[in-house]
Amino acid sequence: MNPGSWLQNYPHFLEILYLATGRLLSFFDPLVSRLGYDRVDRWLRPAEELSKRVIFDCRMCGQCVLHSTGMTCPMTCPKNLRNGPCGGVRTNGHCEVIPEMKCIWVMAFERSKQMPAFGSEMMDLQPPVNRQLEGSSAWINMLADKDSQLPAGWEEASPRRFIKIEEIEAWKPSLSQTAA
Ligand code: SF4
């Protein structure tokens, strides 16, 4: 267990911290842009890695989606799933790959319910992770808009969109027919 992981039991506090960090980064964006994103990435990366590894067990994917996943890092899922759990979650809510570990998506969902600002983003569809950004600073990638750009050769298959609760309700009859 990471030394700061207990902080994840306070997701509302963490989302406030996330908002404050975002505002601070945006404030310094003109300066960072003048100094060069790549150069500041090298300076900032160790601090980002240390702080996020201690609290979230961050794997430095370079495209942080913590605020959309209940302040729970999706890269700590053994399958690196970024859009909810696989079909193998055990009846006790634990992971099928590491039975002694609680499924990170069970924790993410529970935490998101305590997040008034970003909790609803749990229903956002996340694009596939761009492995070319692995190891770089997600903070700088956000400022440089690298985290929302498709890598060369990727086509926009479908735009990112919010799934409405009414849509889920509409799927229920067809899902129960399939089950029957
Ligand atoms: S989503 Fe990526 S950047 Fe954010 S905590 Fe997880 S590994 Fe780190």
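These legends walk through several close-up views of a predicted model. Residues carry numbers that start from 1 along each chain, as its sequence is written. Because the model is predicted, local features need pLDDT of at least 70 and side-chain atom pairs count only at pLDDT 80 or more, while totals for chains, interfaces and linings use all residues.

**View 1. The whole protein is built with five helices and zero strands.** Helices (H or I, at least four residues) and strands (E, at least two) are DSSP runs, numbered from the N terminus. Read from that end, the elements follow the order α-α-α-α-α. Of the protein's 180 residues, 25% count as buried; a residue is buried if 20 or more other C-beta atoms, placed from the backbone, lie within 10 Å of its own.

**View 2. Helix 1 has a kink of about 55 degrees at D29.** Here the bend is the angle between axes fitted to the seven residues ending at a position and the seven starting there. The proline P30 comes shortly after the kink. Helix 1 has 25 residues and spans 33 Å from first C-alpha to last, close to the 36 Å expected at 1.5 Å a residue; that expected span is 1.5 Å times one less than the number of residues. Just after helix 1, look for G36, with a positive phi of about 105 degrees.

**View 3. P11, L14, E15 and V32 are the buried residues to find in helix 1.** The buried residues of this helix pack against helix 2, helix 3 (104–112) and helix 4.

**View 4. The largest nonpolar core gathers 16 residues.** Such a core is a set of buried Ala, Val, Leu, Ile, Met, Phe, Trp, Tyr and Cys residues joined through C-beta atoms within 7 Å. F56, L66, C73, W139, I140 and L143 touch the most other members. Helix 1 (11–35), helix 2 (37–56) and helix 4 (138–143) each supply at least two of its residues, and helix 4 gives the most, with four.

**View 5. I140 meets Y37, V40, D41 and L44.** These are its contacts (C-beta atoms, placed from the backbone, within 7 Å), leaving aside neighbours within four places in sequence.

**View 6. A second, separate core has seven residues.** Among them are C95, I104, M107 and A108.

**View 7. The ligand has 13 residues around it.** Each has its C-beta atom, placed from the backbone, within 6 Å of the ligand. C58, C61, C64, C73 and M75 come nearest.

Conventions
Buried ≥ 20, exposed ≤ 12 C-beta atoms within 10 Å, placed from the backbone. Contact = placed C-beta atoms within 7 Å.
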